[in-house]
Amino acid sequence: MKKSTAQAHANIALVKYWGKGDEKLRLPVNSSAAIALDNLTTTTTVEFREDLKEDQVELVGEGFEAGEVEKVSKHLDRVREIAKISLKAKVISQNSFPKAAGMASSASGFAALSVAAAVATGLNLSEKELSILARQGSGSASRSVPGGVSVWHAGTSSETSYAQRIDYPKDWDLHVLLVMATDTSVKKVGSTEGMALAPTSPYFKIAIEEAEANIERLKVSMRQNDFAGFGRVIEDECFRLHMLCMTTTPNILYWRGITVEVFQKLLKIRESGIEAFFTVDAGPHVHVICQGKDVSSVKTELEKLSEIKTIIDCAIGEGTKLVEDHLF
Ligand code: PMV
């Protein structure tokens, strides 16, 4: 069997996924949308071999956390089932960004693993089938398969729940700034754990309806070349996610003081005519969406805040692709 290597980008949600309708298949309660980030990549090499009794899985550098190796092995089982093989695999994976960057590597990780493993078994899956496969490892990974700006259709079954690219005005030159705060001493509640609580929020049902409406608003803003409208949806979605988190039992508060300080700074920057919008995932760090022409002014302003450690500038990343440079 051939050795295969794939490279995938992390993605940041514009319309958020928070809650599963089907836990086992990872079917989300609502559709979501995201931008792939060109500077944050995971590269993964997979080879299925006769000489292995167990899967051999390694993450270069920081290593895997408890439970992650089992998740990788379980995902390889999904590929083995489709390919109808029982061979164990050697897997080596490498992230271009440290965990401290505040971005989960599960999206790029499971997207790269899905593509590399499928090709290594000789399967010839379509982008849609690969997105469906990646979704079962980590929901947001479904969006890293097509890359670009994508929508993950919630669907009603495994076959109908996948992501695909959508068009956006090319002259927007979209950028995402990952604003890393120094103080991250927040209680860590992972996305799986936090999401499982979502149905305990009294606003759960209405939040699902709002997410679907926001997908439509996002598409309309892009069709009408309305960048300010696009930004409004992104910020509404940030608040929708965190309103849900803050109203579950128990409550989850992901923000720190600096999170709100960055919001306020951006509102101020906007008064000077610069269009820069915020979003926050399941953590304290703010991600800013703006256009390439405004990156340096936004960075300069945000760097004035003493609690900001680093700002990573990303343009839009491609979909998951095969590469020639194997990791072993
Ligand atoms: O796919 P997961 O389990 O990493 O969950 C992602 C959850 C959020 O990042 C908060 C939202 C999203 O749509 O990416």
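Reader: How do the residues of the shell around the ligand divide by character?

Author: The shell holds 5 nonpolar, 5 polar and 3 charged residues; Ala, Val, Leu, Ile, Met, Phe, Trp, Tyr, Cys and Pro count as nonpolar, Asp, Glu, Lys and Arg as charged, and the others, Gly among them, as polar. The model is predicted: local features need pLDDT of at least 70 and side-chain atom pairs 80 or more, while totals for chains, interfaces and linings use all residues. Numbering runs from 1 along each chain as its sequence is written, and side-chain values use heavy atoms, without hydrogens and water.

Reader: Which residues are closest to the ligand?

Author: The ligand is surrounded by 13 residues (a heavy atom within 4 Å). The closest are Ala 13, Tyr 17, Ser 140, Arg 143 and Ser 191.

Reader: Which polar backbone atom lies 2.9 Å from an oxygen atom of the ligand?

Author: A polar contact is a pair of N or O atoms within 3.5 Å. Here the backbone of Tyr 17 supplies the polar atom, 2.9 Å from a ligand oxygen. Side chains take part too: an N or O atom of Ser 138 is 3.3 Å from an oxygen atom of the ligand, and a polar atom of Asp 281 lies 3.3 Å from a ligand oxygen. The protein buries 92% of the 380 Å² that the ligand exposes when taken alone (Shrake-Rupley method, 1.4 Å probe).

Reader: How many cavities of 30 Å³ or more does a search of the whole structure find?

Author: Rolling a probe the size of a water molecule over the atoms shows where empty space is left. The search finds 1 cavity of that size, meaning a set of points on a 1 Å grid over the protein atoms alone where a 1.4 Å probe fits but cannot get out. Its space is about 30 Å³, the volume filled by probe spheres set on the points, which are joined across faces, edges and corners.

Reader: Which residues line the largest cavity?

Author: The lining (residues with an atom within 4 Å of a point) consists of Val 179, Ala 181, Ile 258, Thr 259, Val 262, Pro 284, His 285, Val 286 and Ile 308. Two elements give two or more residues each, β9 (174–181) and α8 (257–271); helices (H or I, at least four residues) and strands (E, at least two) are DSSP runs numbered from the N terminus. The most, 3 residues, comes from α8. By character, the lining of the largest cavity has 7 nonpolar, 2 polar and no charged residues.

Reader: How many helices and strands does the protein have?

Author: The protein has 9 helices and 13 strands. Its C-alpha atoms fill a box of roughly 65 × 40 × 40 Å along the principal axes.

Key
Polar contact = N/O pair within 3.5 Å; in protein donor to acceptor, adjacent residues only side chain to side chain. 1 Å grid on protein atoms, 1.4 Å probe; cavity = no way out; pocket = protein on both sides within 12 Å on 5 of 7 lines; lining within 4 Å.
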